[in-house]
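Please find below a colleague's note, set out as numbered points. The sequence and the structure come first, and the comments follow.

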Amino acid sequence: MRLQAPEATLRRPILDHPERIIPLAFLTTILIGSLLLMLPWASADGQVAPVLVALFTSTSAVCVTGLIVVDTATYWSPFGQGVIMALFQIGGFGIMAGATLLGLMISRRIPLGRRLVVQAETKSLTLADVKNVLRTVLVVTLLFEGVTALVITLRLHFTYGEPWDAAIWNGLFHAVSAFNNAGFSTYSDNLVRFALDPLILLPLAAAVIVSGLGFPVINELQARWREPDRWSVHAKLTVYGTVALLLIGFLAVLVAEWNNAGTVGDMPTAGKILNAFTHSVMSRTAGFNTVDVGQMRSETLLLTDGLMLIGGGSAGTAGGIKITTFLILGVVVWAEIRGRSDVTVFNRRICPDAQRQALTVVLLAVGLVGVATLAILSMTPFPLDRVLFEVVSAFATVGLSTGITADLPPAAQIILAVLMFVGRVGTITVAASLALRTRHVPYRHPLERPIVG
C-alpha cells in the first residue's frame, strides 16, 4: 500500500475541484483588503474604520460592485482610495483570467477526440494558449484603461481646471473603475457633475461596453471582427444581445424619464439622450450614475432591475446571470412554443447540458434575490421597489443605488455584502461545478410526464 504525502492530500481537494479556486482567492483578497482599509492612514480623519465599513467596502471593490456605505471621496484618504482601486483592479483582472483559465481546466477533462470536435465547432481556446490568454487579457486591460485615463485626464485639466496631479489621479481611478465595471468614483456625486459632458461619459461607457463583452468574445472579435458569419454562437449571442439590450434600455429610459424633473426632465434634448444611453450602459453592470437614481420613476427602476440581473458577457468584468444564459433560456422557450424538439440558434443546436445549466443559474439567482429581498424588507421601513433595487444591484455587482444602502441596519448590509460575493463568484462557480460534474450513468429510470401548467 502506497502512502500519499500530506501535501498531496491537502492539494487533492483543490485539484479535484478547481471551481473552488476562485471563491477562495476572492475571499482571501477581501479579507486582506479589509485589513488594509482598517489601517489609520486609510481614512481621511486618521481613525480606524469600523469593521463592517471596511469589510463592506472591500467586498464591494473586489467584487467590482460599487455599492458604498461611506462617501469614497471624503471618508477615505488617498491611500485608502488607492487600496480600493487596487482591489477592484485585482477583482476585475482576476475574474477575466480566472474564468478563462477555469474554462480551460474544464476542457482538459474532455477526451481528446471530443476536445478536438468541441474546439472545431466552438473555436475555443486550447490549453497551449494559456500564456497567450493571460498576456492578451493584460494587454487589453492596460490598453483600454490607459486610453480612457488619458482622455479623461486631459478633459479634467483643460476643461474643469483640475491640477495635473488631481486630474491624473481622477482620470486613472475612473478609467480603471469603468473597465472593471466597478462604479467607484472619487467624486461625492459620482458622475452627476458631468451629466452633460459627452467627452467624459462616452469614453467611460466605451470601456464598460468592451470589458462587459467578456474576454472570449474580445479575443474572437480581435481575430475576425470583419467576419461575423464565422463567429461562434457564444460571440453572436453576446454581441447581438448586448446591442439589443443597450438599445432597449436606452429607448425605455428615454421615454420613461423624458419629463421627470428629478432626473433628465430639465435637460436639453441632447442631454436627455446622452443620459438615457449612459444609464442603459451603466446598468449592465458598471454602477456609475449621472442622475439621482432615487428620483427615477418606479417603471424605470423595474426596467433597470431587469438589465442589472441579465448583466454582461461571460468571463468578463460584468456581473448578472450573463447575456448568454438569458438568451439560451429565451431560445428554449421559443423552441417549446414552436414545438421543436431541438433548441437551435444561428443554425446550431444548443446542447441539453447548457440548457440545464442556464436554467439552474437563473433559478438560483431569482431564488436568492427573492429571499434576500424578503429578509431586508422585514428589517427596514423602505418600500419594495427600493429594497429590490439594492438587492439586485448587489447580486448583479452593479453598484447603482437609490441611496438607502448607507441607511440600512448592519444585518441588511451584511446580506448585501454576501450577495455581492455570491453574485460575483457564485454564478461562475455554479456553472463550472455543473460542467465538471456532468457524467453519464449506465442506466435510465422509467419515463413519466407530470402535468405542466
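1. Helix α9 gives the largest share of the lining of the largest cavity, namely 3 residues. The model under review is a predicted one. Both α9 (198-212) and α11 (233-257) contribute at least two residues each to the lining of the largest cavity.

2. The largest cavity encloses about 70 Å³ of space. Its lining consists of Asn181, Val208, Ile209, Gly212, Leu213, Thr242, Leu246, Val281, Arg284 and Gly312. Sorted by class, this lining comprises 5 nonpolar, 4 polar and 1 charged residues. In total, the structure contains 3 cavities of 30 Å³ or more.

3. A separate point concerns an open site. The second largest pocket holds about 430 Å³ of space. It is lined by 28 residues, of which Ile68, Ser188, Asn190, Asn289 and Ser401 are the closest to the centre of the pocket. The lining of the second largest pocket divides into 11 nonpolar, 14 polar and 3 charged residues.

4. Does the geometry of helix α3 match or contradict the expected span? With 12 residues (51-62) at 1.5 Å a residue, α3 should span 16 Å, and the distance between its end C-alpha atoms is 16 Å, so the two agree. The expected value is reached because 1.5 Å is multiplied by one less than the number of residues.

5. Helix α3 is also mostly covered, with 9 of its 12 residues buried. The buried positions in α3 are Val53, Ala54, Phe56, Thr57, Ser58, Thr59, Ser60, Ala61 and Val62. Just after α3, valine 64 adopts a positive phi of about 40°.

6. Is glycine 370, a residue of helix α15 (residues 352-377), buried or partly exposed? Glycine 370 has a relative accessible area of 30% and is therefore partly exposed, since buried requires under 20% and exposed over 50%. Between glycine 370 and leucine 388 there are 8.4 Å in space, C-alpha to C-alpha, and the two residues are 18 apart in sequence.

7. Some remarks on the protein as a whole may be added. Its secondary structure amounts to 17 helices and 2 strands. The protein has 453 residues, and 49% of them count as buried. About 22000 Å² is exposed, with carbon and sulfur atoms supplying 66% of that area.

8. Finally, a comment on contacts. Among the contacts in the protein with a separation of 6 or more, 71% are accounted for by residues 24 or more positions apart.

Methods:
Residues numbered from 1 in each chain as written. Predicted model: local features only at pLDDT ≥ 70, side-chain atom pairs only at ≥ 80, totals over all residues. Heavy atoms only, no water. Helix = DSSP H or I, 4+ residues; strand = E, 2+ residues; numbered from the N terminus. Buried < 20%, exposed > 50% of the residue type's maximum accessible area, 1.4 Å probe, protein only. 1 Å grid on protein atoms, 1.4 Å probe; cavity = no way out; pocket = protein on both sides within 12 Å on 5 of 7 lines; lining within 4 Å. Points joined across faces, edges and corners; volume = space filled by probe spheres on them. Nonpolar A, V, L, I, M, F, W, Y, C, P; charged D, E, K, R; others polar. Contact = heavy atoms within 4.5 Å. Areas by Shrake-Rupley, 256 points an atom, 1.4 Å probe, with all protein chains shown as cover.
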